[in-house]
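Please take me through this model in the viewer, one selection after another, and tell me what is to be found at each stop.

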Amino acid sequence: MLSRLRRIDKPLAGVTVALLVYGLAALYSAGQTDVPTIAATIWQKQLVWIAVGLTALVLVSRVSPRLVEWATPYVYGGILLLLLVTLVVGTGAGTAAGSRSWLAIGGLRVGQPAELAKLAVILMLARWLAARREAPVTLREVLPPGLIVGVPFALVLLQPDLGSAVVFIAILFAMLFWAGTKPSLLVLVASPAIGLILAFSTVAWGIWIAVLCGLLVWWRPYVWEGLAVMAANVAMGIIALPFWKALAPYQQSRLLTFLNPEVDPRKTGWHIIQSKVAIGSGGFLGKGFTHGPQKRLAFLPAQHTDFIFPVVGEELGFVGVLVALALFAALILILLRIARRAPDPYSSLCVFGVAGMLFTHIIENVGMTVKLLPITGIPLPFFSYGGSFLLACSLAVGIALRVAWESRRSGYSES
Amino acid sequence: MNPYHPHLLDRRLGVARGILWVTMGVLAAAFFRAQILEHGKYQLQSETNRLRPIPLPAPRGVILDRNGRVLAENVPGYTVSLLPAEEVTLRRTLGRIAPIVRLDSAGIDRVLTRYRRVPYLPALVLADAPFDMVSALEERRLLFPGLLIQPEPKRYYPDSSLAAHLIGYVGEVTETERAQRRLAPVRLGGLVGKDGLERQYDDSLRGGDGVRFVEVSALGHVVREAGAAPTLKPVPGTPLHTALDLDLQRYIGQIFPAGQRGAVVALNPNTGEVLALYSAPAFNPNAFVGGVNPEYWRRLNESETHPLLNRAIQARYPPGSTWKLAVAAMALKRGVVTFRSRMPIPCRGGLAYGNRYFRCWEPGGHGSLTLSEAIAQSCDVYFYQLGLKLGLTSLLEDANQWGLHARTGIDLPGETVPEFPSGTEYFDRVYGPRRWTTAVTLNLAIGQGENAQTLVDMVRLYQMLASDGRSRSPYVVHPAGTGETGVDMNLTAAQLAGLRQAMINVVQQGTGRSAGRVGAMSIAGKTGSAQNPHGPAHGWFIGFAPADKPEIVVGAIVEHAEHGSGVAPLVARVIARYLGADTTVARTIRLALPTDTAPHARDILPGAPADTASVRDTAPLDTVPPESTRAVTPPPHR
């Protein structure tokens, strides 16, 4: 046992423990308010979840990647089933009370399957891409991985949970990239989404179509593929408006608020304004641990989940923010290193997918608190309160630990 | 080619690391900008988020009488207000709070109106909440976001309506008042003096409001009452020491005939100190504290008796026979007569002048009288002739010079100017040139005609007679300068002594016998009756004592008291009380005397051509000029 402990990847374990401790401290502080909130004792619950997560982490790190690879389709299938069940019997919670993202047993909410689905998608994608041994070069070859991601993506989007759905897309692109797909193909795959976004301005959309024509001529894909890409982009321009109308009002207002938070400072804009005020008033050294007035007086919304990072910014200041960002950067860099040294493509893809998922969560969550990105309620790894996501992160780190151990055992050395 | 070849992986690893560094760099830059570069801006926003300014009203200065007894003080009270929030939230909270504070929908609208005027300060719901209401609210505190219950000094007048007109009352400052320079520093919703001393000395009584900050949560609940930010302490108002004798004022309140309207003014003739100033009916100034009940305010304003009117300084009455002393003094000063002079025509109950017959109040006539006797008997016929002898011009000139057509300058707001012709051009203006004759002199000489004085003006005239012949502006609060004297009557000491002796005779044997002698001390004074179209004549009595060296001069008017002799005991008792003599003697004296006011002049030849304007009596003046009541500004409804 001790020898096994000595052989684990110490940097990854160290950064993970550091983030868990930092996150728990932030969560404890988030509960210290002058106004009674449900967040008061939530750090104790999180402590239980951390115990659960660490147990899962140890268990997964004891499992061979081969076994994981073998089990992947069953895990994936099971998760899809869970998502379907959630869609039927799911309940809402917290800020998104109208959605159905929680799975409840006997009225007790046990978890959000979407968080675990992210991990399942990573495993499934890794399995498919590793089995091919070659990078997809045509749009047709991108279709199967697109489906692997697309099905859970659609199920999550129907909940609706836009934030998590975006993470699936990010995972797809990250893993396609790591599997060696050419950037030009990635751009073509992404082009309908870009077209959709730009369709809100006719001029921008027109320019994009022209640029796309140029790119197609330059990159010379198959003719029918090029036509399909063009058709998809044009279609996006046409359905943009119906699509906008299909968005839930809270999603629309979130997007609009991102563009101009002062539109409705009391309602939708409240989150982002209060978040920025909390962060900005923190200054260089912050107001002191547990002493942030914005948090204490409940000006900061969802301070224990989506907006936990402003608590760090307000109470520990710029220094605290830099420490957190450095820890996150270190985590991602370590995961990249493990992915690079993995003994087989499946392990490598898994770890890179995990890195991509965590990266997306970190960038999106931290970015929205300083108004760099629109508000999508996705949690900050190791900080935000939430059992399912903590479990998913622990499992992901467990897999990475095992992969690191495997690569060291197979005699990988720096070269 | 194997896409997982180490070189290819290294290349992709480089790209991935590059993306990571760039995005982390962007995030760090964004936080640097928010936390370092724009820290000040967000710090300010954070403070305004959580701190709400609460004005701390300064306790008003207490008002004390000459012996340090309290006329107006402050007692602890509670105000209920709501911290500023969005109007919808306020309205909702008000709806929930309404049953407890007994607020109807009109009241809710009033609160919201006040909130809209100053959206950054707490909106006052209830200015003076009783204790049980405060505890009921405290119990349900969590239900009412932004509820603020603040102990605030509350104005209290221990003697209630006793000196209401003199002390005045306080009320919330109005928009129009704040437009004045004087009241510009008062915050909206602040209290200012509305009448009497409270208004006159508002600047020093008011003090300066302080401010404190409370910390509120996002829901608007007050989280921390103290210590959130430094508090600016209120500066209490300065105490006001008045010359008033509360004991005397209370005594007047006791003995003033119940249900009657009128006023009493007591001065120290040698200084001008106002010892007492009483007006009846009065109002309850405590009812104005914390916002007057609209119903009470309406009753005060619509009442026939005009309780808000200060009858001592704001109401004008024809002076009647009390005026005769003025005419006698003028004649003596100008050397027209001496105390022993007799008039050519003895009193046979009237005097024919021009086309009219001017009657004496005593139909039987007084016979031939000296000036002293004429004053004592208040003989109209004597004074008709004295007026003619003095001449209209001299009479008008002296009366104007002695300030009988000007405010006394008493330090109370709203003093009325007496009505009196400023010169003969007055008659030209009113009747037209040459459409009047010197017959007007006859009326003016006995205190009728175009003459209506305030009580305080007449009391000052007697103050001059009771002192060294110089006027002293009456004051409630000792002015900063040394007691300089005003106009001088230019009477010799002998003349003054003679006039006083004549007034002693009034009391001892003349029309004012009901005043009587009080103990060993003699009271001097003069009665008067003022005819008015509303009913029986108003009774005057102005007296002073001790007659040889006066220490107090007291004037009283009682509306519809028939005549001055009925008022004389009132004044006598006040004087006796002040000088420490036995008042029971004065109380027992009750004399019914005929009126000493001349009946209207009668035409000698009925149907004779109209010399009308000249000889007809000007209609007796309304004692209560409607405009003086309207001049009182209503306080804003709370």
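**Where the two chains meet**

Begin by selecting the contact between the chains of this predicted model, to which chain A brings 40 residues and chain B brings 35 residues. Staying on the side of chain A that touches chain B, colour helix H7 (162-178), helix H12 (268-282), helix H13 (293-296), helix H14 (309-341) and helix H15 (345-369) of chain A, each of which supplies at least two residues to that side. Among the contributors, H14(A) gives the most, with 11 residues. If you then colour the residues of this side of chain A by character, they divide into 26 nonpolar, 10 polar and four charged.

**A residue within H14(A)**

Next, select Leu331(A), which has its place in helix H14 of chain A. Is Leu331(A) buried or exposed? Leu331(A) has 25 C-beta neighbours inside 10 Å, and because 20 or more are required for the label, it counts as buried. Show its surroundings as well: leaving aside residues up to four places away in sequence, Leu331(A) touches Val15(A), Leu19(A) and Leu358(A). To see how the chain returns on itself in sequence terms, draw a distance from the C-alpha atom of Leu331(A) to that of Pro11(A), which lies 320 residues away along the chain but is separated from it by 8.4 Å.

**Across to chain B**

Finally, select the whole of chain B, which has 23 helices and 20 strands. Of its 638 residues, 49% count as buried. A contact map of chain B restricted to residues at least 6 apart in sequence would have 74% of its contacts joining residues at least 24 apart.

Terms used
Residues numbered from 1 in each chain as written. Chains lettered and ligands numbered in written order. Predicted model: local features only at pLDDT ≥ 70, side-chain atom pairs only at ≥ 80, totals over all residues. Contact = placed C-beta atoms within 7 Å. Helix = DSSP H or I, 4+ residues; strand = E, 2+ residues; numbered from the N terminus. Nonpolar A, V, L, I, M, F, W, Y, C, P; charged D, E, K, R; others polar. Buried ≥ 20, exposed ≤ 12 C-beta atoms within 10 Å, placed from the backbone.
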